[in-house]
Amino acid sequence: MRRGPRGGRRALGELRGIGVDRDGSIAVQDIALSLSERADAAEREAPGEAADAVLWEQLTEATHEESTLSVTYCAFMVLATAIAACGVVLDNAILIVGAMAVGPEFGPLAGICTAVVRRAPRLAARSLIALLVGFAAAIAMTTLFSLAMDALDLFSRAQLDAERPNTRFIWQPDPFSFVVALLAGAAGTLSLTSAKSGPWWAWRSR
């Protein structure tokens, strides 16, 4: 909203206060271009920067969609975990990055964080269920995938026993792994609330 962080929330509050969300609907859209002197003046008068505005209703809606358990969500989880398994066995960091891009687990994680801030137990429960069921399905299917690859002699004992300097942080996590995961999670959450995000994070937050 062009009115800044406080103005946007106040406008939504006023619309909900008069029952627009009950009798009709409220839709918020990003405006790519707006030529209006009055809108520019209102933006200058509003406190804070528009780029720093956080519409919690919009964030809650986005995380609600991303944290819903579905067949597609589980399929992406299985594919991401299988790709990560190949990356670890082959010690290929590119495959690990590919698995991170495919994996949909960021949605439920962001949903849990949003639920804590918004005190939304239903969103927290939905996100937690998506995480637990998704990872359980991914672990089970990747185990079968690994057994099939072993039967086809594509995964060997020599590969499993070999050193993996490029992917050790995945299967032997250390404090740096935790720090990197925390920073990546913070960047991903920020991408949900800001238009100033890189293309990869923008794609991951869809």
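In the predicted model, a polar atom of the serine 127 side chain lies 2.8 Å from the backbone oxygen of leucine 123. Serine 127 belongs to helix α8. Its relative accessibility is 0%, and serine 127 is therefore classed as buried, the cut-off being under 20%. Apart from residues up to four places away in sequence, serine 127 touches Ser67, Pro108, Gly111 and Ile112.

Helix α8 spans residues 121-151 and comprises 31 residues. The distance from its first C-alpha to its last is 45 Å, close to the 45 Å expected at 1.5 Å a residue. Both leucine 123 and serine 127 are among the buried residues of α8. The others in this set are Ala130, Leu131, Gly134, Ala138, Thr142 and Met149. An α-helix has 3.6 residues a turn, so residues three or four places apart point the same way. After α8 comes aspartate 153, which has a positive phi, near 60°.

A second buried polar side chain was examined at arginine 164. Arginine 164 is located in the loop that connects α9 (157-161) with α10 (168-171). Although arginine 164 is buried, no salt bridge is formed by this residue. The nearest side chain of opposite charge is that of aspartate 91, at 6.0 Å, whereas a salt bridge requires a side-chain nitrogen of Lys or Arg within 4 Å of a carboxyl oxygen of Asp or Glu. The side chain of arginine 164 instead has backbone oxygens as polar partners: that of valine 88 lies 2.8 Å from one of its polar atoms, and that of glutamine 159 is reached at 2.8 Å. When neighbours within four places in sequence are left aside, the contacts of arginine 164 are Val88, Val89, Asp91, Gln159 and Trp171. Aspartate 91 is thus listed as a contact of arginine 164 without a salt bridge to arginine 164.

At the level of the whole protein chain, the secondary structure consists of twelve helices and zero strands. The order along the sequence is α-α-α-α-α-α-α-α-α-α-α-α. The chain has 206 residues, of which 27% are buried. Of the contacts between residues at least 6 apart in sequence, 71% join residues at least 24 apart. The accessible surface of the chain amounts to about 13,600 Å², and carbon and sulfur atoms account for 64% of this area.

How values were computed. Residues numbered from 1 in each chain as written. Predicted model: local features only at pLDDT ≥ 70, side-chain atom pairs only at ≥ 80, totals over all residues. Heavy atoms only, no water. Helix = DSSP H or I, 4+ residues; strand = E, 2+ residues; numbered from the N terminus. Buried < 20%, exposed > 50% of the residue type's maximum accessible area, 1.4 Å probe, protein only. Lys, Arg positive; Asp, Glu negative; His and termini not counted. Polar contact = N/O pair within 3.5 Å; in protein donor to acceptor, adjacent residues only side chain to side chain. Contact = heavy atoms within 4.5 Å. Expected span 1.5 Å × (residues − 1). Areas by Shrake-Rupley, 256 points an atom, 1.4 Å probe, with all protein chains shown as cover.
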